[in-house]
Amino acid sequence: MSNYQTILVEQTGGVLEVTLNRPSKYNALTTQVAKEIITVCKKAARDNSMRCILLTGAGRGFCAGQDLSEVNSRGDDFSFRTHLITSYNKMTLAMRGLEKPIIGAINGAAAGAGLGLALATDIRYASEKAKFLPAFIGIGLAPDTGVSYWLPRLIGQARAFEMLYTNGRVSGTEAADIGLVNKVFPHETFLDEARALANKLADGPPMGFAMTKRALNKSLGVTFAEQLDYEAYLQDIAGHSADYQEGVNAFYEKRKPQFTGQ
Ligand code: T3D
């Protein structure tokens, strides 16, 4: 499909499956990985045939965060800030900005910036073999890649503090219990479950999904009254789509709607 070095990308029907593909390093992040995920998001935004994205990892890890083997070759003037702003921040912003559903199929360890990557997906299905750990404090760092944003919102301040301070490992099962992931499945079936969900969403109304993602993104930083106003604005966009008319027609004709993205 494209010249990717660190990820595998395959489209089946309306589902674009993206696999982080550096298994010997637990799919650790580099600027190249971030660049390729950003490219995928840009392509998916332009291509109407791509209706849902599924992100997973090859091998035993999902993503172990920053590739630590790169760290010692950095010069004294290395700017962590610039590195983050130009790579991992852009990557997660591209994912949240892509107005199509992104499902994370979390196969193994999601650590550090890899946890941030997992949390930037819209819906997460985890394998029982998945584990979630901040990792930052383990090497004397503070959270980045959105981890300090998502953790308190998903699991609450107290659990977020505990997880970050103690570098606590959360299993796939516990992650589902505390709301870090949506569901957990046996390792043998979790990917099939995620694919089934992706296929289902790929048949859904693209405009409806786009406006839903816009609404949920916006809701994280506004008042209730502002959100009500924004919902009404977005409904004006979704409500004028052909898919809305098709949805209503299908309801009265008692059939499954055929959404086209128009
Ligand atoms: O510096 C900056 O740019 C700032 C930005 C920071 C953002 C961050 O992400 S900071 C956090 C960085 N990540 C970590 O500190 C996690 C380090 N890894 C681990 O703690 C463990 O590997 C895991 C908990 C993820 C998995 O544990 P386990 O026991 O299942 O596997 P393992 O044996 O430790 O690792 C398997 C292989 O993956 C191993 O390679 P080997 O020995 O088989 O050749 C290991 O070295 C490699 N690996 C794991 N994590 C990384 C990695 N290689 C490079 N970078 C990694 N982050």
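This report walks through the ligand's surroundings and a nonpolar patch on the surface of a predicted model.

## Who sits around the ligand

Let's start with the ligand's neighbours. There are 23 residues around the ligand, and those that come nearest are Tyr26, Ala64, Gln66, Arg74 and Ala113. Sorted by class, this shell has 12 nonpolar residues, along with five polar and six charged ones.

Where do some of these neighbours come from? Helix 2, spanning 80-97, supplies at least two residues of the shell, and so does strand 8, spanning 131-133.

## Polar contacts and cover

Now for the oxygen atoms of the ligand. Gln66, already listed among the nearest residues, has a polar backbone atom 2.8 Å from a ligand oxygen. With His83, the side chain is involved: one of its N or O atoms is 3.3 Å from an oxygen atom of the ligand. Lys131 also uses its side chain, placing a polar atom 3.4 Å from a ligand oxygen.

How much of the ligand does the protein cover? On its own, the ligand has 1,000 Å² of accessible area, and the protein covers 68% of that.

## A nonpolar patch on the surface

Over to the surface: Leu68, Phe80, Ile139 and Leu141 make a nonpolar patch there of about 380 Å².

Take Ile139, one of the patch residues. You'll find Ile139 in the loop between strand 8 and helix 4, the latter covering 147-155. Is Ile139 buried or exposed? Ile139 counts as exposed because its relative accessibility is 51%, and the cut-off for exposed is over 50%.

Conventions: Residues are numbered from 1 along each chain as its sequence is written. This is a predicted model: local features need pLDDT of at least 70, side-chain atom pairs count only at pLDDT 80 or more; totals for chains, interfaces and linings use all residues. Side-chain values use heavy atoms; hydrogens and water are left out. A residue is near a molecule or strand if one of its heavy atoms lies within 4 Å of it. A polar contact is a pair of N or O atoms within 3.5 Å; within protein, one must be able to donate a hydrogen and the other to accept it, and residues adjacent in sequence count only if both atoms are side-chain atoms. Accessible areas come from the Shrake-Rupley method with a 1.4 Å probe; for residues, only the protein chains shown count as cover. Helices (H or I, at least four residues) and strands (E, at least two) are DSSP runs, numbered from the N terminus. Ala, Val, Leu, Ile, Met, Phe, Trp, Tyr, Cys and Pro count as nonpolar, Asp, Glu, Lys and Arg as charged, and the others, Gly among them, as polar. Patches are made of residues with over 30% relative accessible area and no salt bridge: like charges are joined within 9 Å, nonpolar side chains (Val, Leu, Ile, Met, Phe, Trp, Tyr) within 5 Å. A salt bridge is a side-chain nitrogen of Lys or Arg within 4 Å of a carboxyl oxygen of Asp or Glu. Buried means under 20% relative accessible area, exposed over 50%, partly exposed in between (1.4 Å probe, protein chains only).
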